[in-house]
Amino acid sequence: MISYRAIVPADLDRVTAWVVTEPVGWIPADRYLAELAENMYRPEWTWIAKVGDRVVGRALWWGPRDSAHPVALDCLDVDPAVGERTAVAAELIRAALAVFPRPVQYAIKAAGGWRDDPATSAAVEWRRAAAHAAGLTREVERLQFEWAPADGVPPATGVLRFAEASDEEFLAVFTRIAEGSLDFQTRTSVAAKGVDATAREEMDFYLGAPGKREWWRIAYTHEGEVAGMAIPSATPYSVNVGYLGVVPEFRGRGYVDEVLAEITRMHAANGEPRITASTDVGNAPMAAAFLRAGYRNTEIRINLSNAL
């Protein structure tokens, strides 16, 4: 008989002793304990599957320090000795979701080309199947990128002018960029909620992110027309590209390279040793722009969620 529950203090040693041996991203003890101390992992968000006194599965849910509920499943693993790992993992997710009222996401992290490596493919697929069985059926695959100073700081070309602006001006540009976006999340949200609500939600997300509002810039042509915008941002772990885009009438002119370069220059000027970024596998133009700017593809993330 397998039981599923959040941990109590007596379980902590067994949770932190857990090691994932498959070639997927996971959370080791030092990181878990450090973020547990910062309230980003919590006992009530740390779920285990047990057979008698033996822990046979672990699911680590994560959220911002001040969040009432978790927003992401960071690590999922089941002891292969239990037999049907997918079924146990699915039930482990379901048990937690029953008490988490907000939408959540599970990102399975793997090396690029994971489908071609049998060990990595197997590790991804049973977790993916478990997530689907538990209701995390909305799926998109994303490319994770990283930049370091050794990759080179793109020079300013003067093709576009960048300036600060009011929230109202930024909201208007968020709205224009959402039209015809290749980003899966944006397209899905526009279809479900409309352009205006999508733009408002995306802007509110970046206003609430750890990045600084004073970093934001609108891009203008030499004629003074709005061409797009650059929203450098951050996570609790590093600065990132955040949000960038070009308005529909100026797409296809290479302006995305200029906007991305502005974000990179801003973070580099602040002395940042690392910038992260991501885009959908299906957004080939954005992926190509990252590579042109010196960003390196470091991993694939299969993102599974239960709602927008």
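**Entry 1. A term to settle beforehand**

I take a residue as buried when its relative accessible area is under 20%, and as exposed when that area is over 50%. The model I am reading is a predicted one.

**Entry 2. Trp 18**

Is Trp 18 buried or exposed? I looked up its relative accessible area and found 12%, so Trp 18 is buried. I located Trp 18 in the loop between helix 1 (12-16) and helix 2 (29-37). I then listed the residues that Trp 18 touches, leaving out those up to four places away in sequence. They are Trp 26, Val 55, Val 56, Gly 57, Arg 58, Asp 77, Val 78 and Asp 79. I also took the C-alpha to C-alpha distance from Trp 18 to Tyr 41, which is 15 Å, with their positions 23 residues apart in sequence.

**Entry 3. The chain as a whole**

I counted nine helices and twelve strands in the secondary structure of the chain. The radius of gyration is 21 Å and the globule rule gives 19 Å for 308 residues; these values are close, so the chain is as compact as a globular protein of that length. Along the principal axes, I recorded a C-alpha trace of about 70 × 40 × 35 Å. Of the 308 residues, 49% are buried. I considered contacts between residues at least 6 apart in sequence, and 70% of these join residues at least 24 apart.

For the surface, I noted that the chain exposes about 13,800 Å², of which carbon and sulfur atoms supply 54%. I found 32 positive and 41 negative side chains, and the centres of the two sets are 2 Å apart.

**Entry 4. Helix 3**

Helix 3 covers residues 85-97, and I compared its length with expectation. Its 13 residues reach 18 Å from the first C-alpha to the last, close to the 18 Å expected at 1.5 Å a residue. How many residues of helix 3 are buried? I found ten of the 13, so helix 3 is largely enclosed by the rest of the structure. Among the buried ones are Arg 85, Val 88, Leu 92, Ile 93 and Leu 97. The cover over these buried residues includes strand 1 (2-6), strand 2 (46-51), strand 3 (54-62), strand 4 (72-78) and helix 4 (118-133).

**Entry 5. Helix 5**

I repeated the length check on helix 5 (residues 167-178): twelve residues should span 16 Å at 1.5 Å a residue, and the end C-alpha atoms are 16 Å apart, which agrees. Its buried residues are Phe 170, Val 173, Phe 174, Thr 175, Ile 177 and Ala 178. Against which elements do they pack? I noted helix 6 (184-193), helix 7 (195-208), strand 8 (217-220), strand 9 (226-234) and strand 10 (239-246). After helix 5 comes Gly 180, with a positive phi near 75°.

**Entry 6. Asn 39**

I found that Asn 39 has a positive phi of about 75°, although Asn 39 is not a glycine. This residue lies in the loop between helix 2 and strand 2. Asn 39 has a relative accessible area of 34%, so I entered it as partly exposed.

**Entry 7. Arg 265**

Where is Arg 265 found? I located Arg 265 in helix 8 (residues 255-269). Its relative accessible area is 16%, so Arg 265 is buried. Not counting residues up to four places away in sequence, Arg 265 touches Val 153, Pro 154, Pro 155, Ala 156, Phe 162 and Glu 258. Lastly, I noted that Arg 265 and Ala 123 are 142 residues apart in sequence and 38 Å apart in space, C-alpha to C-alpha.

Key:
Residues numbered from 1 in each chain as written. Predicted model: local features only at pLDDT ≥ 70, side-chain atom pairs only at ≥ 80, totals over all residues. Heavy atoms only, no water. Helix = DSSP H or I, 4+ residues; strand = E, 2+ residues; numbered from the N terminus. Rg over C-alpha atoms; globule rule 2.2 N^0.38 Å. Buried < 20%, exposed > 50% of the residue type's maximum accessible area, 1.4 Å probe, protein only. Contact = heavy atoms within 4.5 Å. Areas by Shrake-Rupley, 256 points an atom, 1.4 Å probe, with all protein chains shown as cover. Lys, Arg positive; Asp, Glu negative; His and termini not counted. Charge placed at Lys NZ, Arg CZ, Asp CG, Glu CD. Expected span 1.5 Å × (residues − 1).
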